[in-house]
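Student: I've got a new model on my screen and I'd like to talk it through. Could you take me around it?

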Amino acid sequence: MALQPVIRRSAAVLAGVLVAAACGAQPPSGPAASPAGTAAGTAKVELATTQELMVATAADGYRNDATRTNIGMYPLNANIFDTLVTLSPDYQVMPGLATQWEFRAPNTYRFTLRPGVKFHDGTAFTAKDVVWSIQRIAKQGGGTIGVSDTSAVAVGDLMVDITPKAPNLRALQQLVHPSWSIAKAESDTTKAMGTGPFKLTEYVKAERIVVAANDDYWAGKPTLRKITFRFLPDANTRVLALQAGEVQISDIPKESAKTLTGDFSVSRSKVGAYEAMYINIHGKQGYDLGKDPAIRQAIAYAIDKKVVVESVWQGNAEISQTMIPAGILGPEASRISGTNRDVAKAKKLLDDAGWRAGADGIREKAGRKLSLTMVVGFPNADVHKPMPEFAQAQFKEIGIDVKIVITPDTATYEKRLASGEGDIWVEAGSQNDANPCFLPDLLFASPRPGGDEEANMYGNSFAPGATFDAAIKRCRESTSTADVQKAATDAMKLLVDEQFIVVPLAGTYRINGISKKVLDFVVHQAGVHQRWETVKLSK
Amino acid sequence: MLRYIARRLAYLIPVWLGISILAFALALLAPGDPVRQILQAGGIDAPSAEQVIALRRELGLDQPGPVRFAIWLGNAVRGDLGRSYSTGEPVLQSLIDRFPRTAVLALLAVSLGLVIAVPLGIVSALFRDSVVDQIARLGALVGASIPSFWLAYLLILFFAVQLRILPVAGASEPRHIVLPALTLAIGAAASLTRLTRSAMLEELFQDYVRTARSKGLRERAVVVTHALRNALIAIVTITGIRLAALLGGAVIVETIFAWPGIGKYVVDSIFSRDYPTIQGFVLFTGTVVLLVNLAVDVSYVWLDPRVRLGEKSR
Amino acid sequence: MIGTKSRDTLAESITDAHALAPASARPGVFRALLAHRTGVAGLVIVAGVALIAIAAPLIAPDDPTRVDALRRLAPPSAETLLGTDNLGRDILSRLIWGARLSLGTAGLAAVLILTIGVGLGMVAGFYGGLLDDLLMRIVDVLLAFPALILALAIAGVLGPSITSVMIGIVAVAWADYARVMRGQVLSARERQYVEAARAIGAGNTRILARHLLPNVLPPILVLASLEMGGLILAISGLSFLGLGAQPPTPEWGAMLNDGRAFIAAAPQLMIYPGLSISIVVVGFNLLGDGLRDAFDPHLRI
């Protein structure tokens, strides 16, 4: 779930304890040095004289209204802004605009800011910019951390205290998310005035965003002079643009990754992204069948995850029973048993619950057909293909009729979710931070009055209630890594094994087609953290 | 001439009113409560009953249908087509922002179609049943029968992926317009070739052409001056219809080529169930089409061949 | 562009409609069609596809919605003559059932368009007065739109489904027929056979049904056959956009859309549905031309 994210790792623990399973640890600072996934190794290569990169990206997801604008920040991170702390590809919290931090009981993080940093207009970066940026989020509801107008306090020119409204020891890990980018105080946020390695030169809604190198970047001058991100909402068009050589980097749909050929290499990230179905348990008026636990359980047993992973997605995924990457949950992960295809069991569950097959093979009970609506569109429908139709066929086998609704973009998907019009919600997302509770907290906690808009939207449909919320509370307040992992596992076990609200399908690979001229592009498992300043173009 | 235009305009006003009623009525087909949708678009997930009632009153949605229509139309006339449910932006502004893209594409496609079709149709008619005629007719048949969404991909594969001389999709450089324009032009050329051919043939058999010919004019002059001018009426009619259709947005082609015109915009709005945008689009397109029709009507006055021929022979 | 096709063809035909009026040519129509080479070709194509559509349950080798992920993107073989799609469904079976869907929906739409258009056009032309004025104003409004655009908006508001698409298309396309039909009735009303019927005391309904309809219907049917190609293009185009047939329904436009991702690796996914649409539309266009020429030899120039 690439929602508003937040990264959190275990509380005051700074060292990278929670590491995504498949990744090796990285050096604790600086841009990643290994050219994973690119054609060239460490050998000396001659660089191209024109360092201009073209990247194909999905639909323009930026909000462009004056108060909530996130141009260049999220969901496409154009590296215009920096955050106080950053997330490395192996899920470590790294220094960003803050060089050091310290937890001060009961609920405060104190950050020491990097000296000598300048905004793109040349003005110096100080604590007041951090305070202003945090206040901006406070005005929009406080974000995922839950900040208020007074949460950020400048302790000096280069020192800031951040204290969430309610106890939240995960705030450090949440701050890595690009939504917590630091913009210049009192700046017009639609102009995107940041401190990052690239500065905004042009933004044309739904067409492109162009950034140019910031030669005064504190971590060094980027090699690339210019990056043009083209918004091409159709995945197939993006792939064609890559094949035609118009762009040098594009994502590639899982199902066609193996069939593509051209002057590019295909790079796959390790598992950080996931795919899962959520079942609406609070639905009203026609979307309330998910309230019946037998139906939820039958859905979980109907799907053949092995075939989905191996055939439907062509091996570009791994079966997942936990949704959260197992490495993040640590040794606790094995407590979640999950489900595998068992048609007889699924049928029996429905039979016992009184759902009997009608003439057309679709089950009925008290005159109502077992007909469900499956909504596909987060973050876009292309990434799931053709799994929903495959699932539709598998559900039909056990007598459940499924209507597939495809939404064109995230905004439409979320609007539909906010109105609760759907039974099964198919999502692909990623673990956007190293906090084990990131996903359960964000998506399934009971809605909080005045809480984050997106979190409440999910809570309204899926929140299992008090027992779950108690686990989330433990998560927020724990001080040890093991406790956080345990609480997160308790929460996921409830969702997956007991309530069958979440049917995890797979941990999926992030697949990019990369021109052989592109060097040092390191695919980040969480796309919103993708870095570009290391990238170079060879001759 | 002015009186003629005034008369046409007077006729168009009730039609335009009809279009506005239609656009308004579309929203009645839409499921869901518009007030709730507006509130949700504004960031309120679960609007309270008070908020709903207050906004409903504010928007005049508690009034009976005709009153609501009057309010809506009054706003529309003043340039307010409401705000998009999904982006919150004013609908009219969004349409106006995107319309130039659609207009350029439509004009280019239709011009290209004419450039191909008219000479081909004339040659085809002059040399009836020749090889050229056979090829032109076959081409027109295929061009009119091939789905644009298939043609678009064939063109992309050939020109963009194989030859790499044109871009796949997008709209940032002038080159981007070539493939979508070509896709649309092939469809337009097919029907215009057919039409030019049959109109020319028909005109070639008209009495007055024979008369003109008997007066000793050279055959080529006969063809060009008289027959073509007469055939132009039919060509202009169909060109007008084509142009109007494309100005309403070449929905499929704009979508495939990521061409940010109003056609792609409305398809996106349909999927996001953005009813004010769909409504505004219908009213906007209807208005544009009426204006194109008016232009076509006016052009008849210039083109009326009998009038011209009469003047000359005097 | 697609849907405008229907209106174009119709508009082109309407320019000739004045010439279609005489029903005297009728007895020789079928013979004339059979003598029309390309018309016969069209007839053969249309009849062939119609036969396939009708016999779909008998001749389709497989269930068109049966998913078998293990034989995904299989090349043509004895088991699957045209190969399989990205979910392992048999492409040939999907094409065959797709013919049924395309012809069925386009045919049903045509019947509805004709019924509504002819009915209202006759009523307007025969009774005249306020009713006529009202109906013709509605027609004017509908004709002010490019057909696909309004159909798209209506289908969009109703929500994606093949039924929405049909409603959208029918709601717009009847207007052309009503206008042409009204003109036909107006001119026929003054003819001898109508006056004769009136003289012997026939009621309005009887005159409409027994005397007017048989005389004015044939040219309208010719127009309708010209329209079928456009309807098929419009329906498949809207399905391509995702507004029409929903998964797993085998519909040519939707199949084409699904196949885009494999345009290079498994071109059969895009080529066959595209060819199918093109062939059927060519068939209807040829048949329509043939019928028109057969009806009015004068126009066959």
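## Walking through the model

Tutor: Sure, and keep in mind that this is a predicted model. To get going, buried residues make up 62% of the 539 residues in chain A.

Student: What secondary structure does chain A have, helices and strands counted separately?

Tutor: Chain A mixes both kinds of element. Its C-alpha atoms fill a box of roughly 70 × 55 × 40 Å along the principal axes. As for the tally, chain A comes to 13 helices and 24 strands.

Student: Why is chain A said to be as compact as a globular protein of its length?

Tutor: For 539 residues the globule rule gives 24 Å, so that is the value to hold chain A against. The radius of gyration of chain A is close to that, so the chain is as compact as a globular protein of that length. The radius of gyration itself is 23 Å.

Student: Let's zoom in on strand 18 of chain A. How many of its residues are buried?

Tutor: Strand 18 covers residues 371-378 of chain A. It is mostly covered, and of its eight residues the buried ones number seven.

Student: Which strands pair with strand 18 of chain A, and in what sense?

Tutor: One partner is strand 19 (residues 401-406), with six bridges, and there A:Ser371 stands opposite A:Asp401. Another is strand 20 (residues 424-430), with four bridges, where A:Met374 sits across from A:Ile424. So the partners to note are strand 19 and strand 20, and the sense is parallel.

Student: What unit do strand 18, helix 8 and strand 19 of chain A make, and what is its handedness?

Tutor: Follow chain A from strand 18 through helix 8 (residues 387-397) to strand 19. That strand-helix-strand path is a β-α-β unit, and its handedness is right-handed.

Student: Is A:Ala344 buried or exposed?

Tutor: A:Ala344 lies in helix 7 (residues 343-352) of chain A. A residue counts as exposed with 12 or fewer other C-beta atoms within 10 Å. A:Ala344 has 9 such neighbours, so it is exposed.

Student: Which residues have the most contacts inside the largest nonpolar core?

Tutor: That core has 354 residues, and helix 5 (residues 91-127) of chain C gives the most to it, with 17 residues. One of the best-connected residues is A:Ala491, which touches A:Cys437, A:Pro440, A:Phe468, A:Ala471 and A:Ile472, leaving out residues up to four places away in sequence. The residues you're after are A:Ala491, C:Ala151, C:Ala153 and C:Ile169.

Student: Moving on to chain C, how many helices and strands does it have?

Tutor: Read from the N terminus, the elements of chain C run α-α-α-α-α-α-α-α-α-α-α-α. Of its 301 residues, 56% count as buried. The count for chain C is 12 helices and zero strands.

Student: Which helix of chain C gives the most to the side that touches chain B?

Tutor: The contact takes 43 residues from chain C and 50 residues from chain B. On the chain C side, the elements giving two or more residues are helix 1 (2-20), helix 6 (129-143), helix 7 (147-158), helix 10 (204-240) and helix 12 (268-295). With nine residues, the one that gives the most is helix 7.

Student: And how many residues on that side of chain C are nonpolar?

Tutor: Sort the side of chain C that touches chain B by class. It has seven charged and nine polar residues, and the nonpolar ones number 27.

Technical notes:
Residues are numbered from 1 along each chain as its sequence is written. Chains are lettered from A and ligands numbered from 1 in the order in which they are written. This is a predicted model: local features need pLDDT of at least 70, side-chain atom pairs count only at pLDDT 80 or more; totals for chains, interfaces and linings use all residues. Two residues are in contact if their C-beta atoms, placed from the backbone, lie within 7 Å. Ala, Val, Leu, Ile, Met, Phe, Trp, Tyr, Cys and Pro count as nonpolar, Asp, Glu, Lys and Arg as charged, and the others, Gly among them, as polar. A residue is buried if 20 or more other C-beta atoms lie within 10 Å of its own, exposed if 12 or fewer, and partly exposed in between; C-beta atoms are placed from the backbone. Two strands pair if DSSP finds at least two bridges between them. A crossover is right-handed if, with the strands pointing away from the viewer, the path from the first strand over the helix to the second runs clockwise. The radius of gyration is taken over C-alpha atoms; the globule rule is 2.2 Å times the number of residues to the power 0.38. A nonpolar core is a set of buried Ala, Val, Leu, Ile, Met, Phe, Trp, Tyr and Cys residues joined through C-beta atoms within 7 Å.
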